[in-house]
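Trainee: Please give me a close look at one part of this model, a sheet and the helices around it. After that, a short look at another group of packed helices would help.

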Amino acid sequence: MSIPATHAGHEHRSRPPTMERSCDVAVIGGSAAGLAAALQLARQRRSVLVVDDGSPRNAPAAHMHGYPGYDGAPPTALPAAGREEVRRYGGEVLTGRVSAVRRGEGGRFRLDLTGGHSLSARRVLAATGLTDDLPPIEGLLDQWGRAVVHCPFCHGFELRDRSVVQIVSQPLGLHSTPLWRHLTGRLTVVLHDPTGIDDVALAGLRAAGVPVENTEVSRIVSGADGHLRGVELVDGRLLPADAVAVGPRFRARAETLAGVGLRTTAHPSGAGDFLEVDQVGATAVPGIYAAGNLTDPSLQVLPSAAQGSQVGAMIAFSLAAEDLDDTVRRSGERADWEHRYSGPDRAWSTNPNGSLVIEAGDLPPGRALDVGTGEGADALWLAERGWSVTATDISGNALARVRTAASERGLDITLLRVDANDPDPYGGEVFDLVSLQYGSFTRTPDQRGLRSLLAAVAPGGTLLVVHHDLSPSREPVDVATQTRMFDPQAYVGVDEIAAALAARPGTWQIECHQTRPRPVGAVSTHHIDDVVLRARRRG
């Protein structure tokens, strides 16, 4: 787990089994709609946590179509790009699953996550999409997303002039038939369940020369090579086919919202349900919004993204209006870390980080800047060795603990409550040692925080960055049982800092950049290796 530098990471005495984080907006679902909304909100300087369980509706398909710039790309390409764009502005995408949404304290919402974790959010956006319920026909699911398709806009061009059998199993089934007829002259319609089918529409198809079979389907037949052979009817006939078109029923994925009293509504087509919202994406529960095909089953990827972007903007308006009424400019990130340090117990031990002790132990005392000091163990250790220390943190609660500890030890430490991404977080001052231990600050496209960090190192001074080895965080996680509570890629990491130094060899000399075991005696339940970066600013 990555610990952001706006609160320091010191060795844990006893890591709690669960965690609660605070944010402005929690987004449930990290596909087109959810990520588009998150991007809007992150650019409005709102803290956004997207929780995604990696189960998009279009996962079975090999390609997506109709989205400019991504036509023909794998379905994973768009969300991958979207996640990176959200992270560029400090938004986080958490791998995990929301099990329930409930009302919290102070008008907020509590989201229960797998692993026993939770989020506290001012607003919630549900972008969970739909689940397709296929007719119970043998072999249909095996070919779903390959030779069995449902959308002529998504798959039709690739099936032009091919042999297509369309299986109709519900009243909306004939809705796409005119499109399939135009795409191929080799279309056969099978009325697997003719209940509610429009006789006038059927007459029109027959008059246009489209073969219509009024009989049930027995199974979908595939060859030994796995390729589709055709559709077998209950009378034993086999209709050869290159592809099968089917209109599944759809089920809105809104179960997590039941705890706040939200229920889905039957769709007028009779083919499924959806979650009702107003023109700005607001549900019947103030503060909870929804976007994407959860709210309109007809939305494909592009209009889902467009709606998500619009709803994200509306949520930003609602938060800004609330803050204006309260005459405050709230920082969701600051609230998150204040919450982390609000309990009666220390979050970290009183010991300094071992890598700091090793790397800075022989440096002559001077002026030191401890960025993201947390409860101040590193700052106290430096001060006791004669350094003139300035310690910064985004959390006033954390700095209060440093102030108390410094007073008890008779130490004079300058404390600054700042965000590393503030315009001038360190007042233009420079230091002989700038220390950033086990953390990072949120990313911005202009690298404001990184530039301020480097500018704080005096000529001849030392920059010391120690970070977790993030290799374990890249391992797969079972979202049914666990949620990862931080997204390291939303924060400036040690490799990004090293790259900035390497790009200026006339200014910086990198003395050490290596991964090595944590020093003996360090206590950690979440990582065993450090990444240590030490550099000297040339005089």
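Mentor: I start with how to read the model, then take the sheet, the helices on it, and last a second group of helices.

The model is predicted, so to speak of a local feature it needs pLDDT of at least 70, and side-chain atom pairs count only at pLDDT 80 or more, while totals for chains, interfaces and linings use all residues. Residues are numbered from 1 along each chain as its sequence is written, and side-chain values use heavy atoms, with hydrogens and water left out.

The sheet is open and has 7 strands in the order S22-S21-S20-S23-S24-S26-S25, with mixed pairing. The edges are taken by S22 and strand S25 (508-517), each with a single partner strand, so one side of each has no neighbour in the sheet. On average, and with direction ignored, neighbouring strands here are turned by 15 degrees against each other. Two terms need fixing: helices (H or I, at least four residues) and strands (E, at least two) are DSSP runs numbered from the N terminus, and two strands pair if DSSP finds at least two bridges between them.

Strand S20 (residues 367-371) and S21 run parallel and are joined by 5 bridges. Within this pair, aspartate 370 stands opposite alanine 391 of S21. Helix H9 (residues 377-384) packs on the sheet, where it touches S20, S21 and strand S23 (431-437), and its direction makes about 170 degrees with that of S21. Touching here is contact, meaning heavy atoms within 4.5 Å. Such angles run from 0 to 180 degrees between N-to-C directions, with axes as lines fitted to C-alpha atoms, for helices over the stretch in contact.

Strand S21 (residues 388-393) also pairs with strand S22 (residues 414-417), in the parallel sense and over 4 bridges. Alanine 391 faces leucine 415 of S22. Between these two strands the chain goes through helix H10 (residues 396-409), and this β-α-β crossover is right-handed. Right-handed means that, with the strands pointing away from the viewer, the path from the first strand over the helix to the second runs clockwise. As background, side chains in a regular strand alternate between the two faces of the sheet.

Helix H11 (residues 448-455) lies across S20, S23, strand S24 (457-468), S25 and strand S26 (529-537), and it runs at about 130 degrees to S24. H11 also meets helix H12 (residues 494-502): their axes come within 11 Å and cross at roughly 60 degrees. H11 and H12 are therefore oblique to each other. The scale is this: angles under 35 degrees count as roughly parallel, over 145 as roughly antiparallel, 65 to 115 as roughly perpendicular and the rest as oblique. The crossing of H11 past H12 is right-handed. A crossing is left-handed if the near helix is turned anticlockwise from the far one by less than a right angle, and right-handed if clockwise. H11 contributes Leu450, Leu453 and Leu454 to the contact, and H12 contributes Glu496, Ile497, Ala500 and Leu501. By class these are 6 nonpolar, no polar and 1 charged residues. Ala, Val, Leu, Ile, Met, Phe, Trp, Tyr, Cys and Pro count as nonpolar, Asp, Glu, Lys and Arg as charged, and the others, Gly among them, as polar.

Now the second group. Helix H1 (residues 32-43) and helix H2 (residues 77-88) have axes that come within 9 Å and cross at roughly 15 degrees. That makes H1 roughly parallel to H2. H1 passes H2 in a left-handed crossing. On the H1 side the contact uses Ala32, Leu35, Ala38, Leu39 and Ala42, and on the H2 side Leu78, Pro79, Gly82, Arg83, Glu85 and Val86. This contact holds 8 nonpolar, 1 polar and 2 charged residues.

H1 also packs with helix H6 (residues 301-325), at an angle of about 35 degrees and with the axes 7 Å apart. Here the crossing is right-handed. Ala32, Ala33, Ala36, Ala37, Gln40 and Leu41 of H1 meet Val301, Ser304, Ala305, Gly308, Ser309, Gly312, Ala313, Ile315 and Ala316 of H6. The contact of H1 with H6 has 10 nonpolar, 5 polar and no charged residues.
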